[in-house]
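Student: Got a minute to walk through this one with me? I'd like to get a feel for the fold before I go back to the bench.

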Amino acid sequence: MITLTDVSLAIDGAPILRNVTLTVKEGETMVILGPSGAGKSSILKIILGIWKPDTGVVRIEDTDIVPLREEEMLPYRRMMGMVFQGNALFDSMTVRENIEYFLREQGKLRHGEIGRRVAEVLDSVNMQGTEDMYPEELSGGMKKRIAIARAISASPRMLLYDEPTTGLDPVNARAIDELINRFKGKGTTSIVVTHILHDAFAVGDSYAVMSDGAIVAAGSADDILASEDETVKKILEEFRDEASLPRTGASTVPYSII
């Protein structure tokens, strides 16, 4: 479980997060929605311990990670897999080397097990046969799949996604949504940051909508759709037919579950 309580952060005097309180239950997928600059990605950096809040409590399971030193954060980071908006693949490494490097950094597998695990996770995202390719040879959708394969390779208990479908065409975006949904009910706790409403409703169990560093609405899909908050209404106005918005997860992916 991940819990933020009254978390605030300012950088160079500019407020980034304002009294943010949210709870992500074990095995749940929470979607954090909002426009660019709302503070969504800042929450992921706080959870990873990259940024320290000025005030508030950040609990990973039962531990407040805010006062922890860098070396004390390592066991908690090893519980998490992160899918970055820009994928963060090393251009000079092949697909295999990108995943192997991450696994060695995690230190969870023996040397002889790493190659087998690389093959397993590439198969799980339908990217078998790409082991010797370099990132520049991959499409945007392929890079995102590789980034997800790397994130899940160490079998994390928590997955953090930063704008996972931004810049992808509808077909690839749907494929990524379906991959995210594969972890529903498998014990993985997930947070998905996005500004794309269709993708949000395709993957989420619960939702938090942010504006100017604060959470302005939270709850189920129905709660968000019924919200009277002006920021939420503005987001929903992108869609002419609100009744067509999906209220449940995307279709099941025809790939084997790890």
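**Walking through the model**

In α5, G141, K144, R145, I146, A147, I148, A149, R150, A151 and I152 are buried.

Student: Okay, before we dig into that helix, what kind of model is this?

Tutor: It's a predicted model.

Student: Back to α5, then. Where does it run, and how many residues has it got?

Tutor: Helix α5 covers residues 140-152, which is 13 residues. From first C-alpha to last it reaches 19 Å, close to the 18 Å expected at 1.5 Å a residue.

Student: And how enclosed is α5 by the rest of the structure?

Tutor: Largely enclosed, because 10 of its 13 residues are buried. Among the buried ones are the charged-type side chains you might look for, K144, R145 and R150.

Student: What covers the buried residues of α5?

Tutor: The cover includes two strands, β6 (80-83) and β7 (158-162). It also includes the helices α3 (95-106), α4 (111-124) and α6 (170-181).

Student: Let's zoom out. How many helices and strands does the protein have?

Tutor: Nine helices and 10 strands.

Student: What about overall size, say the radius of gyration?

Tutor: The protein has 18 Å, and a compact globule of 258 residues would have a radius of gyration near 18 Å, so the two agree. Along the principal axes, the C-alpha atoms fill a box of roughly 55 × 45 × 30 Å.

Student: How much of the protein is buried?

Tutor: Buried residues make up 49% of the 258. As for the outside, the protein exposes about 12,200 Å², with carbon and sulfur atoms supplying 49% of that area.

Student: And what share of the contacts is between residues 24 or more positions apart?

Tutor: Counting contacts with a separation of 6 or more, 66% are between residues 24 or more positions apart.

Student: Charges next. How many positive and negative side chains?

Tutor: There are 28 positive and 39 negative ones, and the centres of the two sets lie 4 Å apart.

Student: Can you show me a long-range pairing? Which strand is V31 in, for a start?

Tutor: V31 is in strand β3, residues 29-33. V31 is buried, with a relative accessible area of 0%. The C-alpha atoms of V31 and G204 are separated by 5.5 Å, though the two residues are 173 apart along the chain.

Student: What else is V31 in contact with?

Tutor: Setting aside neighbours within four places in sequence, the contacts of V31 include V192, T194, A200 and V203. G204, S206, Y207 and A208 are on that list too.

Student: Switching to backbone angles. Which residues other than glycine have a positive phi?

Tutor: Two to look at are N126, with phi near 60°, and D212, with phi near 50°. N126 lies in the loop between α4 and α5, while D212 is in the loop between β9 (206-211) and β10 (214-219).

Student: Is D212 buried or exposed?

Tutor: D212 counts as exposed, at 57% relative accessibility. N126 is partly exposed, with a relative accessible area of 39%.

Student: Last one, helix α1. Which of its residues are buried?

Tutor: K40, S42, I43, L44, I46 and I47. That's six of the eight residues in α1 (40-47), a mostly covered helix. Following α1 there's G49, whose phi is positive, near 80°.

Conventions. Residues numbered from 1 in each chain as written. Predicted model: local features only at pLDDT ≥ 70, side-chain atom pairs only at ≥ 80, totals over all residues. Heavy atoms only, no water. Helix = DSSP H or I, 4+ residues; strand = E, 2+ residues; numbered from the N terminus. Expected span 1.5 Å × (residues − 1). Buried < 20%, exposed > 50% of the residue type's maximum accessible area, 1.4 Å probe, protein only. Contact = heavy atoms within 4.5 Å. Rg over C-alpha atoms; globule rule 2.2 N^0.38 Å. Areas by Shrake-Rupley, 256 points an atom, 1.4 Å probe, with all protein chains shown as cover. Lys, Arg positive; Asp, Glu negative; His and termini not counted. Charge placed at Lys NZ, Arg CZ, Asp CG, Glu CD.
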